[in-house]
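Biologist: Could you walk me through how to read a pair of packed helices and the contacts between parts of a model?
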Amino acid sequence: MSGHRIAAITSRLLHQFRRDHRTLALLFVAPIVILSLLGYLIRGSASVPDVGIANLDQGPAGATLTSSLEQSSKIHVIAINAPDGDAKLKDGSLVAYIVFPTDFSQKAQQGTIAPEVHVEGSQPGTQAPVLQALQQALVSLAAASSSAVRFQPNVTYLYGGPDLDQLDYFGAAFIGLILFFLVFVVTIVSFLNERSQGTLERLMASPLRRGEIVVGYMLGFLVLALVQAVEVLVFSLAVLKVHNQGNVLLIFGIEVLMALSAVNLGIFLSMFARTEFQAVQFIPLVIVPQVLLSGILFPVSSEPKALQYLSDVLPLTYAVNGLRDVMLKGADLTWPSLQLDIGIVAGFCVLVIVAGIATLRRRIA
Amino acid sequence: MSEAYAVDVENVVKSFGSQKALDGLTLRVKPGEIYGLLGPNGSGKTTLIRAIVGLIAPDSGTVTVLGRRIPDLDILAQVGYMTQQAALYPDLSVEENLRFFAAISGSDGNVTEVLKTVELDQRRGSVVSELSGGMRQRCSLACALVHRPKLLLLDEPTVGVDPQLRVQFWEHFREMAAAGTTILVSSHVMDEAERCQRLGLIRLGKLLTEGTPAEVKATAGTNNLEEAFLKLSGRESE
């Protein structure tokens, strides 16, 4: 081992990076950005869920419980009318609502505390803080009552149910994410190869139109993406038994749109990378924030307000939401929310196709 | 061919930042001739060829190819373009590369004939990544010929080609020219320049001298092209 020779390699490496501002930025700026985002997401989140309460109780118990639930740190209570509850669960403004039925006090006297708890249910675990808050509130009631009481909440789920686990929830999103991510990486790298091996120059010096290149690429990768989508779907549904309540073709359709977006995003972004190394750098810049902010891990509704605006402009947010609506809630094309999701993903797709075509000629100069 | 010139470059200026790659360059290539483009590295040869195929839009001036103002994508079906670097798909076979480049020019392609020309007919099924550098260069030339272009633009086509094959390349170029194909070729190799019907010497984005090899030598007052080249391109810098 020669110290001089080793030093030569080390110093060459550092000199090289000194001129590669992009890599330096990636090494030193990206971690701070990603960690700040994560910190803000988790600490800054309005993690207290909105829970509706409808008190129909003719006795005093319902009112007592309601007022102590209002003090709860675990949930944020909103008074509602019982018949509106399901609609509010559907539009996502509530994660659950509690109804104290007319005979609630009467039953409580007999020793049974039986509130109705209606849970949206597409995200597993959301009922836990509601039930915890209820149990804490019971302490106030138990103090007022002399006899022992049994807590027997009557929990119903709008979607899914108690059997829904984390895999069902994340699986629905990851089916799309995996496809989007892998197709993006494969496209950006092959498009860069096209440039670095000089064949893009040859294509440009042929009668080929830019649109023909982009559409040709799109169709080629679409074939690969479709095979991958089938594989991922079959594996998820048949082997992993991820919960699916919707139409498989609809899931497939959303995946196709995501694949098309990924291909064209790859073509477009390859414009901003000179080497495969730089292309890989797009992963932390483009993919990681989308994973954090598109509701895959943290529901968009629980994000800090400022980040919600950001989430609302990310196409992946809508794709993930659409996939979850179909798989967990059984949404079909008559649902306005699904129409919006699909419309936005399709719109994004068109946008990146146009951007890819428009920038194609500039990148060989 | 009805046009007076196969390639007509009129007063073309192209700058990259503060660097003037082409500085009011005018150059005309007659149909069926082999025109050699000479000049030191960085003189603008490659930029000129790229402007002719429309890869670069000139800042001012015009380029006309086979009677059509560039940019014109359709006329490119009749143009063959070979870059310095062998531009091929490494994961495709020789034949698959040729068929692809024929197809994008809208031609069925004379694959077999072209493969014979570049002596790759034995390797037509070989994947390009397994070929030697010289074979790749030949395959790249074949891709520029496969759609039977009327105009062939060759940017240093014989780099990495052994002398024996280089002679064959040039024989083939002559045959093509005799059959009416116009060839514009850039080169560093002086014995190649001798084989051209006309030469243009480019320096700093301008055409310094033009003429047959004999005329160029006469202008420089030397009897060998190498000296003429050095003398003529040196004169400007003094």
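Modeller: Sure, handedness to begin with: a crossing is left-handed if the near helix is turned anticlockwise from the far one by less than a right angle, and right-handed if clockwise. Helices here are DSSP runs (H or I, at least four residues), numbered from the N terminus. In this predicted model, local features need pLDDT of at least 70, side-chain atom pairs count only at pLDDT 80 or more, and totals for chains, interfaces and linings use all residues. Residues are numbered from 1 along each chain as its sequence is written, with chains lettered from A and ligands numbered from 1 in written order.

Biologist: So which hand does the crossing of α10(A) and α16(A) have?

Modeller: Right-handed.

Biologist: And how do α10(A) and α16(A) lie to each other?

Modeller: Two packed helices are described by the angle between their axes and the distance between the axes. Here α10 (residues 210-239) and α16 (residues 336-360) of chain A have axes that come within 9 Å and cross at roughly 130°. α10(A) and α16(A) are therefore oblique (not under 35 degrees, over 145, or 65 to 115). Axes are lines fitted to C-alpha atoms over the stretch in contact, with angles from 0 to 180 degrees between N-to-C directions.

Biologist: Which residues of α10(A) and α16(A) meet?

Modeller: Contact means C-beta atoms, placed from the backbone, within 7 Å. R210(A), G211(A), I213(A) and V214(A) meet I353(A), G356(A), I357(A) and L360(A).

Biologist: What about chains A and B?

Modeller: There, 14 residues of chain A are in contact with 18 of chain B.

Biologist: How many residues link domain 1 and domain 2 of chain A?

Modeller: 4 residues of domain 1 of chain A touch 8 of domain 2.

Technical notes:
Two residues are in contact if their C-beta atoms, placed from the backbone, lie within 7 Å. Helices (H or I, at least four residues) and strands (E, at least two) are DSSP runs, numbered from the N terminus.
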